[in-house]
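Let's take a walk through this structure together, looking at how some of its side chains meet. Have the sequence and the 3D view ready.

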Amino acid sequence: MLDTRHMRRALEVAKLGEGSVEPNPMVGCVIVSGDKIVGEGWHRRFGGPHAEVEALRLARSDAAGATMFVTLEPCCHHGKTPPCSEAIIRAGLRRVVIAQRDPFPEVDGGGIARLEAAGIRVEVGLLEAEARRLNAPYFKLIETGRPWVIAKWAMTLCGKTATRTGASRWISNPESREIVHALRGRVDAILVGAETARRDDPLLTARPPGPRTAIRVVLDSRASLGSESRLVATARNVPVLVAAGPEASEADRRRLAEAGCEVFVCEGDDRAARLDALLAELGRRRLTNVLVEGGGRLLGSLFDAGQVDEVHAFIAPRLIGGADAPTPIAGVGLAEMSQALVLDDPVVCQVGSDVYVSGRVCRPSTPA
C-alpha cells in the first residue's frame, strides 16, 4: 500500500514536465528512507537533469540504503546527461521500484540489468498502466515512428463547425479558446488543411506563449498558401512547414521558401499515402504531439487512417443548421454504429456556456 502511494506521488510530479521535456518522456522519482520521503524530482526540461538525479540531489546521504520509486526505467547510456543507473549505484540505494520499462532502444532493459548487476533489488510493473498512459505519446513515437495526434474542434449544438458560407468566428467562448491556446503551447506542431488556412487565415500560435513553440503545418498539395496570409507573413518568426504534393509547381515552392516557409514534398499516389508520409516525417523529426485544428476533410482522413489518438471538442449552445454547413469530421467514415470509435474515460465539463469533452480514442470491444 505504501509502495503504491509513493509511486502515485512519482507519477504526480512526473506530469509537471509536460510540454517541457519532449521528445523525452515525463519521469518522476521519489526516494524513501524508512517511512520518510527524503528526495523527489522530475525531468524538468529537455537536456536537463533527469528525475533520478534531481531526487538524489535532494536526498544526499539519506539515499544510502533507501528505496527509489521511479516511473520509467533509469537510463544506462550517455545522452545529453550521464547514465542515471550509475548515479543510483553510486548513491548506494538498496531497492529500486520501476513502473515501466523504457522501450527506447539504447535503454530497453539495460538500465534494469545494470542495477541488478550492482546488487540492487529491482521491481518492475507497479502502476505500469498509469505510467504508460502518462507517456503514451512518447511510447507511440518510439514504437511506431509517428507522433501522437490530438484532434481539436469547436462546433455548434447542431454539429456544425461553420455556417454554410464558411463563417466560424466565433463558435466557442473566450474561456474555451483559452484552453485551446494552452494546448497549442505544449505541442510540437499544429496541423491544418489548406482550405482552413485559406478561409480562416489563422496564426496558430499560443497566446500567451507556453513552454513550446509549435511548428505550424499546412497540408497544401498545390503549395497554394497565399503570400499575404498571416502564416506566411510570420514564417520568419514562427516556423511554418508547407506539406505539398509532387504536383506543386516549382514557382510556388520557391515563393513560399523565399518567404521563410519550409516546403516538404509528401510522396504518395493518394491523400492517405501523403498524409502518412507527413506523419512519418514529423516522427523522424521527433515531434511528439501534433494538434490538428481542421478542417473536416483533414480530420476525416486522419480518422479513416486510425491515426487520431486524443480528442478535445468544444460544443457551443448555438444552432445554425444548413445541409451544406461543414461538420468536424468528413472522410469516408464508418458503416456501422458498432464500429464507432469511443473515448476512453472521457472528461466532460462546462466551460462558461460551452461543454468541453476530452479523452483518448480507443476502439470498442466487439460485442458478443
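Start at Arg132, whose charged end sits over the ring of Phe139, 4.5 Å from the ring's centre. This, like everything that follows, is read from a predicted model. You can find another such arrangement at Trp42: here the charged end of Arg44 sits over the ring, at 3.8 Å from its centre.

Now let's turn to rings that meet other rings. The count of aromatic pairs comes to 2. One of them joins Phe314 and Tyr356, and it counts as stacked because the ring planes are at 5° to each other, with the centres 4.5 Å apart. Phe314 belongs to strand β12 (residues 310–316), while Tyr356 belongs to strand β14 (residues 354–362), so this pair ties together parts that are 42 residues apart in sequence. Both partners are tucked away from the surface: Phe314 is buried, with a relative accessible area of 1%, and Tyr356 is buried too, at 10%.

Finally, have a look at the cysteines. How many disulfides does a search of the whole structure find? The search finds 0. A disulfide is a covalent bond between the sulfur atoms of two cysteines, and to be counted here the two sulfurs must lie within 2.5 Å. For Cys84, the closest cysteine sulfur is that of Cys75, and at 3.7 Å it is too far for a bond. For Cys29, the closest cysteine sulfur is in Cys84, 8.7 Å away, which is also too far. Cys29 is buried, with a relative accessible area of 0%, and Cys84 counts as buried at 1%.

Terms used
Residues numbered from 1 in each chain as written. Predicted model: local features only at pLDDT ≥ 70, side-chain atom pairs only at ≥ 80, totals over all residues. Heavy atoms only, no water. Buried < 20%, exposed > 50% of the residue type's maximum accessible area, 1.4 Å probe, protein only. Phe/Tyr/Trp six-rings, centres within 6.5 Å; stacked < 30°, edge-to-face > 60°. Helix = DSSP H or I, 4+ residues; strand = E, 2+ residues; numbered from the N terminus. Lys NZ or Arg CZ within 6 Å of the ring centre and 35° of its normal.
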